[in-house]
Amino acid sequence: MGISSSEQPLIAAARRKFERIFKWQVGLTAVWMVYAVVVEHSQNVLRLGLVMVLAAATLVVGSEVPKASKDRLSLLYQIYGLLCTVVCFAIFLVVGAPSIRHVTEQGLDHVSDRALAGTLLSTAYVCVSVRATTLAQAYGEAVAPLKPTKGD
């Protein structure tokens, strides 16, 4: 079944919202990768490399979501959501959790810039990724719902 003309503006708005938050995600990913290379380079090199590969894969899939055909979109936004979730957990485990542990052990008076930056970047990335995942799902469901509606 085709998309009605009354649904077109809603779909376009959902797509624009996703594209806007995706730009934020791209920017935060770039900042996080620079942080990982410059600051965290001596810590957990293999883990950081794996997180970087997963983050890059997330960006590749995310960049395809707005351009995907209706047939591919339902699969892509689900893969994108899964990758975002995995990257959020990985970033938190590799950078966020050790940084938060450092802050709690040292107290706020003696917190290092590295620990503060790691905590803030991890938190910001997770927040933006959660929003991006939600908007990708809203856009995907608007164009290609997984469950057919009653009229289909």
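These are my notebook entries on a predicted model of one protein chain.

**Entry 1: the fold**

I started with the secondary structure. The chain has four helices and zero strands. Reading from the N terminus, I get the order α-α-α-α. I then looked up burial for the whole chain: 37% of its 152 residues count as buried.

**Entry 2: the core**

Next I went for the largest nonpolar core, which holds 38 residues. Which of them touch the most other members? I got F18, W32, V65, L73, Y80 and Y139. Then I checked which elements supply this core. Those giving two or more residues are α1, α2 (45-64), α3 (70-106) and α4 (113-143). Helix α3 has the largest share, with 12 residues.

**Entry 3: a positive patch**

I turned to the surface and looked for charge. R16, K17, R20, K23 and R131 form a positive patch there. Which helix gives the most to this patch? My lookup says α1, residues 8-38, with four residues.

I picked R20 for a closer look; its place is in helix α1. Is R20 buried or exposed? R20 counts as exposed because its relative accessibility is 53%, and the cut-off for that class is over 50%.

**Entry 4: a nonpolar patch**

Still on the surface, I looked for greasy spots. F89, F92, L93 and I100 make a nonpolar patch of about 410 Å². I took F89 as my example from this patch, and found that F89 lies in helix α3. So α3 turns up twice in my notes: helix α3 gives the largest share of the core, and F89 of the nonpolar patch sits in α3 too.

Why does F89 count as exposed? Its relative accessibility comes to 57%, so F89 also clears the over 50% cut-off.

**Entry 5: T119**

Last, I looked up T119, which lies in helix α4. Is T119 buried or exposed? T119 is buried, because its relative accessible area is 17% and the buried class means under 20%.

I also checked a pair that includes this residue. T119 and V95 are 24 residues apart along the chain. How far apart are their C-alpha atoms? The separation I have for the two C-alpha atoms is 7.3 Å.

**Recap**

For my own reference, I have R20 at 53% and exposed, F89 at 57% and exposed, and T119 at 17% and buried.

Conventions
Residues numbered from 1 in each chain as written. Predicted model: local features only at pLDDT ≥ 70, side-chain atom pairs only at ≥ 80, totals over all residues. Heavy atoms only, no water. Patch = residues over 30% accessible without salt bridge, like charges linked within 9 Å, V, L, I, M, F, W, Y side chains within 5 Å. Areas by Shrake-Rupley, 256 points an atom, 1.4 Å probe, with all protein chains shown as cover. Salt bridge = Lys/Arg side-chain N within 4 Å of Asp/Glu carboxyl O. Lys, Arg positive; Asp, Glu negative; His and termini not counted. Charge placed at Lys NZ, Arg CZ, Asp CG, Glu CD. Buried < 20%, exposed > 50% of the residue type's maximum accessible area, 1.4 Å probe, protein only. Core = buried A, V, L, I, M, F, W, Y, C linked by side-chain atoms within 4.5 Å.
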